Amino acid sequence: MIHTTIGQLGHFFVILSFVTALVATVAYFLSSLGLRRALAAQPTAERSEEAVLEYESGDTLTVQKPKTRRNVSTGEKANATAATKDDWRTLARWAFYIHGAAVVGIAASLFYIIYNHYFEYHYAWSHSSLALPVHYMISCFWEGQEGSFLLWLFWNAVLGGILIQTSGSKWEAPMMTIFALVQAFLASMILGVVFGDWLKIGSSPFLLLKEAMPDAPIFTMNPDYVPKDGNGLNPLLQNYWMVIHPPTTFLGYALTLVPFSYCIAGLWRNQPLEWIRPALPWTLAGGMILGTAIMMGGYWAYETLNFGGYWNWDPVENSVYVPWLVLVGALHTMLIAKKSSTGLKTAIILTIATFLLILYSTFLSRSGILGNASVHSFTDLGLSGQLLVYMLAFLVLSVALAVSKWKFIPSDEQEASVYTKEFWLFIGATVLCLAAFQVTATTSIPVYNKILESFGKVSNLALPADQVAHYSKFQIWFFIVIALLTGVGQYMWWRKLDNKKWDALTTPAIITLLISAGIIAFGSITNPVYMALLVAAVFALVANTTIVLGVIRGNYRLSGGAVAHIGMALMLLGVLYSAGYSRIISINNSGLAISNQEEFTKNDNKENKENKLLWLNQGEQMGPYQLTYRGRRIEARDVPGYLPQKAVSVIDGDFHGIAQQDIEQNGKLYYKKGDTLALYPENTYYEVEYREPSGKIFTLYPRAQANDRMGLLASPDIRHKMDRDMYTFVSSVPDPSSERSWGKTENYTIAVKDTFFLNDYVAILDNVIRTNDVEGMEIGPNDAAVRAHIRVLDKNGEHILKPAFIIKDRMVGRRADTSDELGVRIQLNAIDPASGKFTFAVNQTKRDYIVLKAYEKPLINILWIGTLLVIIGFLMATIRRYRDFSKMKQKGLA
């Protein structure tokens, strides 16, 4: 049965959201024109005199004469009265509210399709499966392009509703005109309207499978065909961070629209300065959320991917990192805009650039232009042209408006002195923008090539072979400068440097040099670049800590910037040690190559030297640790920990298994033998036991997954300690999804106490005794069973194999015994009472093994602690600036 109703309802909501966004845009535009005429009709004194409240404590407040204040108050009341009679604004509000409800309807319809496994829909079939739990079904929602656009659309709708209620009548109409226009563009990305063979507007998430794949032979034979299961979620996204990281990222995207809209509205109203105050808390919130999303993505990569770190300078990683850098630069210039025309102009440029870079990053990741350059990029759904139009439309709109209104920006009476806070904030913003430009210039190489190809030229430009080394050698110097500037800038901001003297910095500088010298000497830091980064980070830490300790004595709410800078300094220290002094401890000291495959032999046998081969249950020394591979494990849905793979017989394609023994964990019985239990069968976990020199044992469970689309995917397991992380993953394993291949059968006829060889091991038949205990079989009084005891010797000790021979109901049965450690299966085939000899059938296979790589990452927790402090600092500053704006709005001054 094909469920068409829910898809039709969802598509109706898509159309409704698009139309209502357009209606809101037009209505808010007409309301803005009416507001501009009302402002133009006010007396000049009422329009020209503005109350100015300086941002920082200790700054001056310029107050108007009582008469002027009464006139302004009267004007405000007149504006408020006019606003209540503004029918266009009323229509625009209702249109935007309906738009928001329609967006919720789209999301609800799509999730209903995914949740109920309606695989007749292309989106559900492509991104979900029967096996996925609910939280991963949520991830399916935004795995595809259509879902990610819908997520972005949703957050914009939420923020738009908040802004309608909080922005005030002065800003609502012009600002929401831009907001609604962006929503119309975003809604068009999921419209899914096709005009013949020449024009496609958007890609609908509600396409039926037969509509998306009309040429598939199955639909010719059966138009109502519905797959029994879907392709499932990308295994790399089956991680709890992928449930929260994408929504956080798109909330960050949405928040960049708010200062952009205020900026455009301010230029439109010929008020190039006044937009700063209402936009500032939103800019801070955007910096906080987008920065959080970036670090969430880094931690996801650290836990899920196996390149050994948290940042790989992937083009899509860069396309989020760059707008965040520019946004932080815009934030700093907004703080000085009221006293510096250079700062104001730069704030306008960077605020516009941040939003345009968000659009550019969307184009990069979703147009298919990156090709194989990124592991994160989407394939092209035919939307690249539409994305380009979207980006160029706002580029032309914003640049044309900024150029036409540039004359309204006042000029500075004198240049900023090196002893002013404005100068240092501007320098800091400049360095941030230079760092962003360096990353963008390299990341955009595929774009340059595409442009040249469109003109018939062939480009030889290519992305760096070693991206990490390329970007890091530039970015490390940018952040050395930024760290130094945060220290000096905070002293300037809080006016600790008086009379053009730098004496106040002497104490932090001496403390910095003493701490840095001690760390360099005792930490054996020899790399000059690392020394410079260390000194800069320590200086930023000392200087900003001094500021915080001084500020919190007066009002802790004012210390948000210094707290964020302390967090940034700690992050730099964490990056320095966890990346610069990460140590591979899985050194292959055997002198034997693990593999002849290219991935192991390239770069002078690098991977052969840096990986450890572990055979099942055979200990190996690795640095200070004794390692033992204890076997494969599988994860059950409602049983804690991991189960031995032999404990469950997996039902192919059903995501369930049959318990082969009682399933008991921590003294609690979860399943009895023969019960059916739900599994996560895609992942195989490899139990690796670490024994420390002290005798203490801990266990890690790195995992691997055999995926038809992506090959063998390995993810690490990490042991977190206060001073370091133990990071372990498997580089190579036998295919966990393949059946074990046994060699040809060899027969041995021997007597008790005879010696023979099994797979190069010495074996001894110790005894053959009668038994009534045969697994899976009941031995009655008229039945007989015997079990052989075979002792196998290897360098690590003895192994006992116990094959059984059964006569039940006059029929012969045999129960083989298998040793994964030895790679041997042995079966008692025949008994000759006359000679007292026994015949065994033996099969051999490759022993179970893993190839393991392990790192120690020192002081990585400093990085995560620093991240948390940056978020806290941004949050403190956001709350403070929002309170300032609210107070001014209550007084009618904003």
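In the predicted model, K753 is found in the loop that links β20 to β21 (755–758). Although K753 is not a glycine, its phi is positive, at about 80°. The residue is exposed, with a relative accessible area of 57%, a value that lies over the 50% cut-off for that class.

Strand β20, on one side of this loop, also belongs to an open sheet of four strands, arranged in the order β20-β29-β28-β27 with antiparallel pairing. The edges of the sheet are taken by β20 (746–751) and β27 (817–819); each has a single partner strand, so one side of each is left without a neighbour in the sheet. On average, and with direction ignored, neighbouring strands of the sheet are turned by 30° against each other.

Within the sheet, strand β28 (residues 824–832) and strand β29 (residues 837–844) run antiparallel and are joined by eight bridges. One of the residue pairs across these strands is I831 with F838, the latter in β29. The two strands form a hairpin with four residues between them, in which G836 takes a positive phi near 70°. On the other side of β28, three bridges connect it to β27, and this pair also runs antiparallel. Here T818 stands opposite R825 of β28. β27 and β28 likewise form a hairpin with four residues between the strands, and G823 in its turn has a positive phi of about 70°.

A further non-glycine residue with a positive phi is N270, for which the angle is about 60°. N270 is located in the loop between α11 and α12 (276–304). Its relative accessibility is 28%, so N270 counts as partly exposed.

Helix α11 (residues 241–268), which precedes this loop, packs against helix α14 (residues 341–366) at an angle of about 140°, the axes being 9 Å apart. The two helices are therefore oblique to each other; an angle over 145 degrees would be needed for them to count as roughly antiparallel. The crossing of α11 and α14 is left-handed. On the α11 side, the contact is made by F250, Y253, T256, L257, P259, F260, C263, I264 and L267, and on the α14 side by I348, T351, I352, T354, F355, I358, S361, T362 and R366. By class, the residues of this contact comprise twelve nonpolar, five polar and one charged.

W268 is 136 residues away from S404 in sequence, yet the C-alpha atoms of the two are 9.5 Å apart in space. S404 itself is placed in helix α15 (residues 384–405). With a relative accessibility of 38%, S404 counts as partly exposed.

A second helix pair consists of α16 (residues 421–443) and α17 (residues 445–454), which pack at an angle of about 45° with their axes 5 Å apart. This pair, too, is therefore oblique, since only angles under 35 degrees count as roughly parallel. T440, A441, T442 and T443 of α16 meet I445, P446 and Y448 of α17. The contact contains four nonpolar and three polar residues, and no charged ones. N449 also lies in α17. At 14% relative accessibility N449 counts as buried. Leaving aside residues up to four places away in sequence, N449 touches S459 and L461.

In a third pair, the axes of helix α20 (residues 528–551) and helix α21 (residues 560–580) come within 8 Å and cross at roughly 155°. That angle makes α20 roughly antiparallel to α21. The crossing of α20 and α21 is left-handed. From α20, the contact involves Y530, L533, L534, A537, V538, A540, L541, N544, T545, I547 and V548; their counterparts in α21 are A562, V563, H565, I566, A569, L570, L572, L573, L576 and G580. The residues of this contact divide into 17 nonpolar and four polar, with no charged residue.

Definitions and conventions:
Residues numbered from 1 in each chain as written. Predicted model: local features only at pLDDT ≥ 70, side-chain atom pairs only at ≥ 80, totals over all residues. Heavy atoms only, no water. Axes fitted to C-alpha atoms, helices over the stretch in contact; angles between N-to-C directions. Parallel < 35°, antiparallel > 145°, perpendicular 65-115°, else oblique. Left-handed = near helix turned anticlockwise from the far one by under 90°. Contact = heavy atoms within 4.5 Å. Nonpolar A, V, L, I, M, F, W, Y, C, P; charged D, E, K, R; others polar. Pairing = 2+ DSSP bridges. Buried < 20%, exposed > 50% of the residue type's maximum accessible area, 1.4 Å probe, protein only.
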